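Here are some notes to help you find your way around this one. Keep the viewer open beside you and take the points in order.

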Amino acid sequence: MEQPISGIHHVTAIASDPQRNLDFYTEVLGLRLVKRTVNFDDPGTYHLYFGDEVGTPGSVLTFFPWPMAVRGSSGVGQVEVTSFSIPENSLNYWERRLLSAGMPAERGKRFDEEVLTFIDPDGLKLELVSHPQRAGAIQPWKDASVPAEHAIRGFYSVTLCEQGYESTVDVLETMGFREAGQQGNRFRFDVGEGGPGARVDILCASEASYGNVAVGIVHHVAWRVVDDDSQKSWRRRLVNRHLNVTPVIDRCYFHSIYFREPGGVLFELATDRPGFAIDEPSGKLGEALKLPSWLEPSRKRIEQVLPPIELHKPAKRAEA
Ligand code: ZN
C-alpha cells in the first residue's frame, strides 16, 4: 500500500529574464536560490529553484527562464494562481515591502483568511495567504533580507482554472484529495494531513477561454510522494484510471512521473528525496551551475549558451 500524497512538492513556471527572476525571488520574496541548473529536457535553458534554507519539498518554486519568449495568457486548463503561506500578522509588512519594490498588491479575504495578490516581474500571479502559524518543516532562508518572523512558509495552495469539474475531481479523489470547502465557484480540496501546503482550489470558469503556457504562466504542479515504492504504486493506480503517465524520470534532486489531469493542467508526482544537497554542500546551494552526470560532457557548450547571471546575497536587514 502506498503512502499518501502529502501536499505540494514544487511548482514550475516560465520566466523571461533570468537575472530579473533571480533578483525578485531572492531579494524581494526572500527565497533562497537552492539550485542553479538547466532544464534537463532543454539544456540551453536554465532551471532555477527557489525555496527555503534547504529546499524543503513544499517550499520550492522553480522557473524555466525563456529570455526571448512572449507573455502567456491565463485561462482554462492552467494554474490560475500560486499561493504562499505567511504568518498571521505579516500582511501589512508584505504589503509595504511589495509596494516599495514597485509591485503593488491587492488585499482580499477568502474562507476567513486574508490574502495579498500580486504579480511577479513576468506577470506570474502570486498570493500570500496569512493564517495562524503551523508547526511546519519549513526553515526560512537564514541570509534573507526578510525577517524570520515574516518569512514565507512554503506554499499555501494552487488554484486551477477549469471549464468543468467532475473529471478533474475524479482524478483528485484517486490521488487521495477530499472536499474541504466551497465559496462561489471555488471548490477546495485537501490531501494528506490537509491545510496549507496540502491544498488545491478548483475555480470553475465555464465561460473562460483556454490559456497558453509562456512567460508568466505555471508549467506544472508537482505533488509529494515519500519514496520510489510509493511513486510506483501511485503510478499503477493512475494508469488503471486510464491516465497517460510517463515512466519514472530521474530529475537528480527527486524522481518524477508526469500526467495531464483531464482539465488540462500538467501534474507531476515527485519524491521527497534525495533533495538538493546531493550534488553540492548545503552551505553553497545555488552558487554554481550544477549539471546532471549525463550533461556534464556538454558543460562548455551549455555555459556558452546560457546568459550570465549573478547571485547578490542580500545583507540582512530588519526593515522592509
Ligand atoms: Zn517539476
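**Notes on the model, starting from a hairpin**

1. A good place to begin is the hairpin formed by β7 and β8, which has five residues between its strands. In that turn, glycine 123 has a positive phi of about 90 degrees. Please keep in mind throughout that this is a predicted model.

2. The pairing in this hairpin is antiparallel: six bridges hold β7 to strand β8 (residues 125–130). To see the register, look for threonine 117, which stands opposite glutamate 127 in β8.

3. β7 has a second hairpin to show you. Strand β6 (residues 106–110) and strand β7 (residues 113–119) are also antiparallel, with five bridges between them. Here arginine 107 stands opposite leucine 116 in β7. Two residues lie between the strands of this hairpin, where phenylalanine 111 takes a positive phi near 45 degrees.

4. Now turn to helix α2 (residues 91–100), whose buried residues are Leu91, Tyr93, Trp94, Arg97 and Leu98. Why do they line one face of the helix? Viewed down the axis of α2, they fall within an arc of 155 degrees, so they share that one face. Their packing partners are α1, β5 (78–86), β6, β7 and β8, which brings us back to the strands of the two hairpins. The face turned away from the buried side carries Arg96, Leu99 and Ser100, which are exposed. Just after α2, glycine 102 takes a positive phi of about 80 degrees.

5. Next comes an open sheet of eight strands with mixed pairing, in the order β2-β3-β4-β1-β13-β16-β15-β14. Its edges are β2 (32–39) and β14 (249–250); each has a single partner strand, so one side of each is left without a neighbour in the sheet. Helix α1 (residues 18–28) packs on this sheet, touching β1, β2, β3 (42–51) and β4 (60–65). The direction of α1 makes about 10 degrees with that of β3.

6. Within that sheet, have a look at strand β1 (residues 8–15), which runs antiparallel to β13 and is joined to it by five bridges. Threonine 12 stands opposite histidine 220 in β13, and histidine 220 is worth remembering for the next point.

7. Which protein atoms are the donors of the zinc ion? They are His10 (NE2), His220 (NE2) and Glu268 (OE), lying 2.0 Å from the ion. Along the chain, the donors follow the spacing H-x209-H-x47-E. Two of them link distant parts of the chain: histidine 220 belongs to strand β13 and glutamate 268 to strand β16, 48 residues apart. Both histidine 220 and glutamate 268 are buried.

8. Finish with helix α4 (residues 228–240), whose 13 residues reach 18 Å from the first C-alpha to the last, close to the 18 Å expected. Its buried residues are Ser230, Gln231, Ser233, Trp234 and Leu238. These cover an arc of only 165 degrees around the axis, which puts them on the same side of α4. They pack against α3 (166–174), β13 (218–225), β15 (254–260) and β16 (266–274). On the other side of α4, you will find Asp229, Arg236 and Asn240 exposed. Just after the helix, histidine 242 takes a positive phi of about 65 degrees.

Terms used:
Residues are numbered from 1 along each chain as its sequence is written. This is a predicted model: local features need pLDDT of at least 70, side-chain atom pairs count only at pLDDT 80 or more; totals for chains, interfaces and linings use all residues. Side-chain values use heavy atoms; hydrogens and water are left out. Helices (H or I, at least four residues) and strands (E, at least two) are DSSP runs, numbered from the N terminus. The expected span of a helix is 1.5 Å times one less than its number of residues. Buried means under 20% relative accessible area, exposed over 50%, partly exposed in between (1.4 Å probe, protein chains only). The arc is that of the directions from the helix axis to the C-beta atoms. Contact means heavy atoms within 4.5 Å. Two strands pair if DSSP finds at least two bridges between them. Axes are lines fitted to C-alpha atoms, for helices over the stretch in contact, and angles run from 0 to 180 degrees between N-to-C directions. Donors are N, O and S atoms within 2.8 Å of the metal (3.2 Å for Na, K and Ca); water is not among the atoms, so sites may look incomplete.
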